[in-house]
Amino acid sequence: MQVSSSENIQHLETKIGYKFKRKSLIKEALTHKSFSKENLIGLEPFNERLEFFGDAVLDLVVCEYLFNVYPQYTEAELSKIRAYAVQETTLTDIALGLNIGSHLRLGKGEETSGGRKKSSLLANAFEAILAAIYIDGGLNRAKEFVLKNLEDRIKTLIAKNLLFDFKTSFQEVVQGEFKVLPRYKVHKEEGPEHMKIFEVEVFIKNNFYGAGRGKTKKEAAQRAAKAGLEKLKNA
């Protein structure tokens, strides 16, 4: 299904939550160069320039969000989160959820080779659509589009400690400097069985280096290791 009719454009606009004033922008954002090459008479503009622009807008929006919402994280940690948020697999997953592939305007070769499901095409189209929204509606609307699709993913990633393995990092540093392994100890447990909060302490050669609290012992140990890393860094 190609976005060649107002009906299809309206369907996509409903899906992404933005109605374009300049329909030519969304049309360009969804046009792959293979389609343009096969339609030389019309000299159809394709989405590579918008994708280039959208990449920069995405970086700006994500960086501003992370900087304001997570002041406790270092530059290196923020960089890791940003890398996850803007990577091709993340954008592809979002594009699949928005059904962007079915609206792409592809040449016959790309069509027959499964272009509507190609990660690179889908991620690029997402960035091109973002740029089109920015140009058509301004930065605030672009932010809405990005955060609507990325904010929950980022929060889940951080809440489940899927990005930072502080225990491994702490162990590597401790082994390098002290030639021993850090030792973790459950200091206390609070609350009823179904809502327990654990506090874990970490030691190096019987010296206390930090504590962390969490809903599981693993989460608490990760936070204790993070505290230990910070103490070593400031020593």
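**Helices and a sheet, talked through**

Trainee: Which way does α6 cross α9, left-handed or right-handed?
Mentor: Keep in mind that this is a predicted model. As α6 passes α9, the crossing is right-handed.

Trainee: Which residues make that contact between α6 and α9?
Mentor: By class, you'll find two nonpolar, two polar and two charged residues there. From α9 come Asn 149, Leu 150 and Arg 153. From α6 come Thr 90, Asp 93 and Ile 94.

Trainee: How do α6 and α9 lie to each other?
Mentor: Start with the numbers: helix α6 (residues 88-97) and helix α9 (residues 139-159) have axes 11 Å apart and pack at an angle of about 125°. Roughly perpendicular stops at 115 degrees and roughly antiparallel needs over 145. The angle of about 125° therefore makes α6 and α9 oblique.

Trainee: What about α5 and α6, how far apart are their axes?
Mentor: Helix α5 (residues 75-86) touches α6 through Tyr 84, Ala 85 and Val 86, which meet Glu 88, Thr 90 and Leu 91 of α6. The pair packs at an angle of about 45°, so α5 and α6 are oblique too. As for their axes, the distance is 4 Å.

Trainee: What span should helix α8 have, given its 19 residues?
Mentor: Helix α8 covers residues 119-137, and you count 1.5 Å a residue. The expected span uses one less than the number of residues. The end C-alpha atoms of α8 are 27 Å apart, which agrees with the expected 27 Å.

Trainee: Which residue just after α8 takes a positive phi?
Mentor: Look right where α8 ends. The phi there is about 95°, and the residue is Gly 138.

Trainee: Now the sheet: which strands stand at the edges?
Mentor: The open sheet has three strands in the order β1-β2-β3, paired antiparallel. Two of them have a single partner strand each, so one side of each is left without a neighbour in the sheet. Those edge strands are β1 (183-190) and β3 (207-214).

Trainee: How many bridges pair β2 with β3?
Mentor: Strand β2 (residues 197-204) runs antiparallel to β3. Within this part of the sheet, Val 200 stands opposite Gly 212 in β3. The number of bridges between β2 and β3 is seven.

Trainee: What angle does the direction of α11 make with that of β3?
Mentor: Helix α10 (residues 166-178) packs on the sheet, touching β1, β2 and β3, and its direction makes about 20° with that of β2. Helix α11 (residues 217-234) also touches β1, β2 and β3. Its angle with the direction of β3 is about 140°.

How values were computed. Residues numbered from 1 in each chain as written. Predicted model: local features only at pLDDT ≥ 70, side-chain atom pairs only at ≥ 80, totals over all residues. Heavy atoms only, no water. Axes fitted to C-alpha atoms, helices over the stretch in contact; angles between N-to-C directions. Helix = DSSP H or I, 4+ residues; strand = E, 2+ residues; numbered from the N terminus. Parallel < 35°, antiparallel > 145°, perpendicular 65-115°, else oblique. Left-handed = near helix turned anticlockwise from the far one by under 90°. Contact = heavy atoms within 4.5 Å. Nonpolar A, V, L, I, M, F, W, Y, C, P; charged D, E, K, R; others polar. Pairing = 2+ DSSP bridges.
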